[in-house]
Amino acid sequence: MPNIYMFFDGSSLITQIRQLQRNDGRFKGHRLRPLDLVNYFDDAVITDGLGTVYKRAVFYFATGDSQVEQFLDIPNRNTPAVVRDVEFRFCGRKMAGSVRYEEWLETVPDEFRERCQRSEKGVDIEVCCDALHLAAAKLLDRLLLLTNDSDFVPLCRMLKQLGANVSLIRLSEARLVNEELVEACDTYDVVEERNLLTAFGL
């Protein structure tokens with residue numbers, strides 16, 4: 001059985017949720033249910049309906065990021081049989097005052113957004129270290145990566161050199177995709193609308 005992992009860049013995920021809520025009123029005021037998102041990608045992208053095969057899904061958030069609970073419905077790990085092979089990792093740190101900055105950043109046109117200073121430290125490094133460790137140890141056959149950050153382009157290229165396949169995944173096309181990232185990956189998938197509505201409890 002192949003070793004398949006899903007890594008979710010929390011900053012990019014929250015940005016995509018914000019954009020979706022801004023563009024489509026149906027999503028406004030609703031939080032994303034991460035487990036539904038994992039189940040969708042497992043079923044639609046990995047197995048094509050043949051059953052769960054992913055090894056682990058990891059959501060990476062900056063420690064102290066107050067936006068997480070505002071935009072995501074994080075499940076209670078203490079409830080039996082709810083969370084299986086899904087990790088919510090808080091690492092790095094969120095810089096002070098970054099919530100207002102994130103809101104301002106949403107107003108910056110896509111073509112200039114990558115030039116802006118990030119408001120978190122260490123999360124991208126954690127994602128890269130985990131992925132490279134797995135690939136170098138031959139424990140990674142495919143990585144589904146949710147991000148829109150071009151900083152991950154070298155990681156995607158290196159994973160392919162180490163023999164792993166990389167799939168770029170996104171919530172929607174409400175925001176322009178980073179074309180350099182698409183080119184660096186093997187596949188590119190977006191959640192189907194009906195499944196996206198389900199993931200927001202709609």
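Two residues are taken to be in contact when heavy atoms lie within 4.5 Å. On this basis, in the predicted model described here, 74% of the contacts between residues at least 6 apart in sequence join residues at least 24 apart. The secondary structure comprises nine helices and eight strands, and buried residues account for 49% of the 202 residues in the protein.

Six of the strands form an open sheet in the order 3-2-1-6-7-8, with parallel pairing. Strand 3 (86-91) and strand 8 occupy the edges, where each has a single partner strand, so that one side of each is left without a neighbour in the sheet. From one strand to the next, the twist averages 20°. On the side of strand 3, the pairing with strand 2 (residues 56-62) is parallel and involves six bridges, and Ala62 stands opposite Cys91 in strand 3.

Further along the sheet order, strand 1 (residues 4-9) pairs with strand 6 in the parallel sense over five bridges, with Phe7 placed opposite Leu145 of strand 6. Strand 6 (residues 142-146) is largely enclosed by the rest of the structure, because four of its five residues are buried. Five bridges also join strand 6 to strand 7, again with the two strands running parallel, and the bridge partner of Leu143 in strand 7 is Val166. The connection between these two strands passes through helix 7, and this β-α-β crossover is right-handed.

Strand 7 (residues 165-170) is in turn joined to strand 8 (residues 187-190) by four bridges, and these strands run parallel. Within this pair, Leu168 has Tyr188 of strand 8 as its bridge partner. Strand 7, helix 8 (residues 179-184) and strand 8 together make a right-handed β-α-β unit.

Packing between helices was examined for helix 6 and helix 7. The packing of two helices is described by the angle between their axes and the distance between the axes. For helix 6 (residues 123-136) and helix 7 (residues 153-161), the angle is about 5° and the axes are 10 Å apart, which makes helix 6 roughly parallel to helix 7. The contact brings Cys128, Ala131, Leu132 and Ala135 of helix 6 against Leu155, Met158 and Leu159 of helix 7. Classified by residue type, this contact of helix 6 with helix 7 contains seven nonpolar residues, no polar residues and no charged residues.

Helix 6 also contains Val127, a residue that is buried, with a relative accessible area of 2%. Residues up to four places away in sequence being left out, Val127 touches Phe7, Tyr60, Leu145 and Phe152. Of these, Phe7 and Leu145 are the residues that stand opposite each other in the pairing of strand 1 with strand 6. Although Val127 and Tyr60 are 67 residues apart along the chain, their C-alpha atoms are separated by 7.4 Å.

A second buried residue, Gln16, has a relative accessible area of 4% and is located in helix 1 (residues 10-23). Apart from its neighbours within four places in sequence, Gln16 is in contact with Leu146, Thr147, Arg170, Leu171 and Ser172. Among these contacts, Leu146 belongs to strand 6, which spans residues 142-146, and Arg170 belongs to strand 7, which spans residues 165-170.

Backbone conformation was also considered for two residues in loops. Asp85 has a phi near 60°, a positive value in a residue other than glycine, and is placed in the loop between helix 3 (68-71) and strand 3. With a relative accessible area of 45%, Asp85 is partly exposed. Lys138, which is likewise not a glycine, has a positive phi of about 60° and lies in the loop between helix 6 and strand 6. The relative accessibility of Lys138 is 58%, and this residue therefore counts as exposed, the cut-off for that class being over 50%.

Key. Residues numbered from 1 in each chain as written. Predicted model: local features only at pLDDT ≥ 70, side-chain atom pairs only at ≥ 80, totals over all residues. Heavy atoms only, no water. Axes fitted to C-alpha atoms, helices over the stretch in contact; angles between N-to-C directions. Parallel < 35°, antiparallel > 145°, perpendicular 65-115°, else oblique. Nonpolar A, V, L, I, M, F, W, Y, C, P; charged D, E, K, R; others polar. Pairing = 2+ DSSP bridges. Right-handed = clockwise from strand over helix to strand, strands pointing away. Buried < 20%, exposed > 50% of the residue type's maximum accessible area, 1.4 Å probe, protein only.
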